[in-house]
Amino acid sequence: MKAAQINHYKQTTLTLTDTPVPVVGAHDVLVKIMAASINPLDLKIMAGGIRPLLKYHMPLTLGNDFAGVITEVGAQVTAFKVGDAVYGRAPKDRIGTFAEFIAIDHTAIAFKPQNLTFTEAAAIPLVGLTSYQALHDIMQLQPGQKVFIPGGSGGIGSLAIQLAKHFGAFVTTTTSPQHFDLVRSLGADKIIDYHQQNFADVLTDYDAVLDTRGGQDLQAAFKIIKPGGHVVSIAGLPNARFGKSYGVPVWKQWLFALATRPLSRLEKQTHATYDFLFMHPSGQQLTILNELLAQGTLRPIIDRVMPLDQINDALQYSHSGHATGKIVIEVATTSADQNAH
Ligand SMILES: NC(=O)c1ccc[n+]([C@@H]2O[C@H](COP(=O)([O-])OP(=O)(O)OC[C@H]3O[C@@H](n4cnc5c(N)ncnc54)[C@H](OP(=O)(O)O)[C@@H]3O)[C@@H](O)[C@H]2O)c1
């Protein structure tokens, strides 16, 4: 099968190669991938930036989420059958959705939302699960609470705004003026042009921040957070608490603690909580999102759709940091995609 791979870290482009179709374990299904989405995580993995949390064997097929059709089921799998249309985020140690097939644990997948095409569905898993885990599982966002989600026009922002509105929150975001209409249509209540204003100069008393930026923006989040509030970062540094829950060795937890000392100080000064999130796959949570997608409460925002043989152009576009919503890679097209609505 065709697969887009790297042979070593710091390789800046993927190579399309012929590789064996993956072997299906007892709890796996084999999926013919119809579409996969680009995530900044792909670039971070290529650069070796995720090595403190995950080490991959080379050659490595990239790609973290997908939508496709089951072509084989493992001996222990009863929840799915051959022919089912499914979508999911691959478990972190067995990624590889920029390929024609993936063998994946059945607990990481859900039925594809019926009202979405494969291309649309592939835009959801990683950003949908990240948003759900941040806003629901960690922040436990309540109606009427104020949440700040910077980068509202990005892959995460465009989904997280919609989900935060579903939870009844007042949502503030940052973006460029050309995206104001988009983020307003997704439900943003207050919009800041990040080119003109620093959010920390104009916002106060926020219950929660979903930091999608890291660095200075993460530190500035503590200027707008209420006592008792929650700063959850997906782009900053993992702290010791995260390291412990993620199961990294104690010496690494120490390193994480050292690196996040400024954030720990800010937590104490502001009486707020800082958590780092590295999202996890969950077929169950995707099933929850399915209902919201079916109701139209959530919709995927797609910037562009590109074929697998243009994967490097797609990654380069993602690298620009200015995609509007998701970039989707079409791996296969069949009449099934047209019939998916
Ligand atoms: N830890 C996890 O589990 C996890 C999961 C998912 C994502 N992430 C991370 O979260 C981050 C965001 O991911 P993403 O998929 O949303 O990225 P993305 O789609 O590439 O974000 C692009 C968006 O960012 C906006 N942007 C650029 N500079 C900005 C600034 N200074 N202030 C506000 N917005 C700005 C752009 O808007 P303009 O076009 O207007 O500039 C664009 O719409 C990445 O670092 C990613 O790796 C982590």
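In the predicted model, a backbone N or O atom of M279 lies 2.8 Å from an oxygen atom of the ligand. Two further backbone contacts to the ligand are found. A backbone N or O atom of G155 is placed 2.8 Å from an oxygen atom of the ligand, and a polar backbone atom of L277 is 2.7 Å from a ligand nitrogen atom. On its own the ligand has 930 Å² of accessible area, of which the protein covers 88%. Two or more residues of the surrounding shell come from each of α1 (40-47), α3, α4 and β10 (170-175). The shell comprises 24 residues, and the closest to the ligand are S153, S176, Y194, H322 and A323.

Helix α11 covers residues 283-295. At 1.5 Å a residue, its 13 residues should span 18 Å; the C-alpha atoms at its ends are 19 Å apart, and the two values therefore agree. Seven positions need to be considered for the packing of this helix, namely the buried residues G283, Q285, L286, L289, N290, L292 and L293. Residues three or four places apart in an α-helix point the same way, because the helix has 3.6 residues a turn. The buried residues of α11 are in contact with two strands, β6 (85-89) and β8 (109-111), and with two helices, α3 (125-138) and α4 (155-166). Just after α11, G296 adopts a positive phi of about 85 degrees.

Strands of a sheet pair through backbone hydrogen bonds, in either the parallel or the antiparallel sense. An open sheet is formed by 3 strands in the order β2-β1-β4, with antiparallel pairing. Its edge strands, β2 and β4 (60-61), each pair on one side only. The pairing of β1 with β2 is antiparallel and extends over 4 bridges; within this pair, A4 stands opposite L16 in β2.

The loop between β1 (2-6) and β2 (15-18) contains Q11. With a relative accessibility of 13%, Q11 is classed as buried because this value is under the 20% cut-off. The side chain of Q11 makes polar contacts with backbone atoms of the loop region. A polar atom of this side chain lies 2.7 Å from the backbone nitrogen of N7, and a polar atom of the side chain is 3.1 Å from the backbone oxygen of T13. When residues up to four places away in sequence are not counted, Q11 touches Q5, I6 and M46. K10 is also located in the loop between β1 and β2. In contrast to the buried Q11, K10 is exposed, with a relative accessible area of 59%.

Backbone geometry was examined next. Most residues other than glycine have a negative phi, and most peptide bonds are trans. K10, which is not a glycine, has a positive phi of about 70 degrees. A positive phi, near 60 degrees, is also found for D205, again a residue other than glycine. D205 is situated in the loop between α6 (199-202) and β12 and is partly exposed, at 44% relative accessibility. The peptide bond joining M58 and P59 is cis, with omega at about -5 degrees. P59 is placed in the loop between α1 and β4.

Strand β12 (residues 206-211) includes V209, which is buried with a relative accessible area of 1%. Not counting residues up to four places away in sequence, V209 touches M139, F148, A221, I224, I225, H230, V231 and V232. For one of these contacts, that with V232, the residues are 23 apart in sequence, and the C-alpha to C-alpha distance is 6.1 Å.

L308 occupies the loop between β15 (302-307) and α12 (311-319). This loop residue is buried, with a relative accessible area of 4%. Its contacts, again leaving out residues up to four places away in sequence, are L16, F98, I329, E330 and V331. Among them, L16 is the residue of β2 that stands opposite A4. L308 and S282 are 26 residues apart in sequence, and their C-alpha atoms are 25 Å apart in space.

Key
Residues numbered from 1 in each chain as written. Predicted model: local features only at pLDDT ≥ 70, side-chain atom pairs only at ≥ 80, totals over all residues. Heavy atoms only, no water. Expected span 1.5 Å × (residues − 1). Buried < 20%, exposed > 50% of the residue type's maximum accessible area, 1.4 Å probe, protein only. Contact = heavy atoms within 4.5 Å. Polar contact = N/O pair within 3.5 Å; in protein donor to acceptor, adjacent residues only side chain to side chain. Pairing = 2+ DSSP bridges. Near = heavy atom within 4 Å. Areas by Shrake-Rupley, 256 points an atom, 1.4 Å probe, with all protein chains shown as cover.
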